[in-house]
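This report describes selected parts of a single chain, moving from its annotated span to its strands, helices and one loop residue. Please keep the sequence and the coordinates at hand while reading.

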Amino acid sequence: MTTIALCQIPVSPDPTTNLKRAREALAAAEGADLAIFPEATLTRYGRRITGLAEPLDGPFVSGLADSAREHGLAVIAGVFETGGDRVHNTAVAIDAEGAVRAAYRKIHLFDSFGAKESDLVAPGAEPVVVELAGLRIGLITCYDVRFPELARALVDRGAELFAVIAAWGSGPLKEDHWVTLVRARALENTMWTAAVGQAPNPAESSDGYGVGRSMLVDPLGVVRTDLGTAPGVQVVEVDHEWTAAARATLPCLEHRVL
């Protein structure tokens, strides 16, 4: 078993506020092996991200690393990373000793539904699987979940669990898209999938980001936990024996032709 804390927090424009909330969530998650936070935990989306982006040794990631070490658990969280004219939308992976083990820069940018993330964010180029909390974890950020080829590339790199982080936009049918896509990526790859989104923040609701609905989905696509919309930290268990049983029943990865 691996224990994972789904840390569904509301995100403020202020990084200091967000670091405080993240530290409080990590204190609540103590005893888990891994805590997962949403995309853009550093600050909410908006033109401000170019001015608030930090290097991975900056105060925000360093603060997360200090708390990871204090509470003895690994952390995955979304930040905006300095990277030239545009920033990177980065999922940073920190081990229980506080060391940064990997940084995944979002490949598929959200130029959809009237938004144009690429105005502010430079795309990454490489899928990332990181060894963390005794697992090989494939990192997926928000809009990436709409691209099954990325999830399959992570499987080919040895992923044993998907961590999907998001600041999912609200709107007609958008929650349905989120739930359907997360379940599909889990089911088609017979893969435990931990998906964490921002909780709605009523003080910042005009931008539409954050629908909650953080989930743990098992390798047969069954939602084991759904946090709804309220902020919270939920500790869940990933049973690796169930992965083997599911793949014996549904050996679709073995049946791949292309």
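The paragraphs below take up the annotated span, a set of paired strands, a sheet with its packed helix, a second helix and a loop leucine.

The model is a predicted one. An unreviewed UniProt entry lists residues 2-240 under "domain: CN hydrolase". Over that span, 24% is helix and 28% is strand, and the C-alpha atoms at the two ends of the span lie 8 Å apart.

Strand β4, formed by residues 88-94, has 7 of its 7 residues buried, so the strand is largely enclosed by the rest of the structure. In a regular strand the side chains alternate between the two faces of the sheet. In β4, one side carries His88, Thr90, Val92 and Ile94, the other carries Asn89, Ala91 and Ala93, and both faces are covered, with all of these residues buried.

Two strands pair with β4. Strand β3, residues 74-81, is joined to β4 in the antiparallel sense over 7 bridges, and within this pair glutamate 81 stands opposite histidine 88 of β4. Strand β5, residues 100-105, is likewise antiparallel to β4, over 5 bridges, and here valine 92 has alanine 103 of β5 as its bridge partner. The hairpin of β3 and β4 leaves 6 residues between its strands, and glycine 84 takes a positive phi near 105 degrees there; in the hairpin of β4 and β5, with 5 residues between the strands, glycine 98 takes a positive phi near 90 degrees.

The glycines with positive phi values can be set side by side.

| Glycine | Location | Phi |
|---|---|---|
| Glycine 84 | hairpin of β3 and β4 | near 105 degrees |
| Glycine 98 | hairpin of β4 and β5 | near 90 degrees |
| Glycine 72 | just after α3 | about 70 degrees |

Elsewhere in the chain, 6 strands form an open sheet of mixed pairing in the order β6-β7-β8-β9-β10-β11. The edges are held by β6 (129-132) and β11 (223-226), each of which has a single partner strand, so one side of each is left without a neighbour in the sheet. From one strand to the next, the twist averages 20 degrees. Helix α5, residues 174-188, packs on this sheet, where it touches β8 (161-166), β9 (193-197), β10 (215-217) and β11, and its direction makes about 35 degrees with that of β10. At the β6 edge, the partner is strand β7 (residues 135-141), paired in the antiparallel sense over 4 bridges, with glutamate 131 standing opposite arginine 136 of β7.

Helix α3, residues 59-71, contains 13 residues and reaches 18 Å from its first C-alpha to its last, close to the 18 Å expected at 1.5 Å a residue. Its buried residues are Phe60, Val61, Gly63, Leu64, Ala65, Ser67, Ala68 and His71, and what covers them includes α1 (15-29) together with β3, β4 and β5.

Finally, leucine 109 is found in the loop between β5 and β6. Its relative accessibility is 11%, under the 20% limit, and leucine 109 therefore counts as buried. Apart from neighbours within four places in sequence, leucine 109 is in contact with Glu117, Ser118, Val121, Ala122, Pro123 and Tyr143. The last of these, tyrosine 143, is 34 residues away along the chain, yet its C-alpha atom is separated from that of leucine 109 by 6.6 Å.

Methods: Residues numbered from 1 in each chain as written. Predicted model: local features only at pLDDT ≥ 70, side-chain atom pairs only at ≥ 80, totals over all residues. Heavy atoms only, no water. Buried < 20%, exposed > 50% of the residue type's maximum accessible area, 1.4 Å probe, protein only. Pairing = 2+ DSSP bridges. Axes fitted to C-alpha atoms, helices over the stretch in contact; angles between N-to-C directions. Contact = heavy atoms within 4.5 Å. Expected span 1.5 Å × (residues − 1). UniProt positions renumbered as here; feature names shortened; annotations may be inferred.
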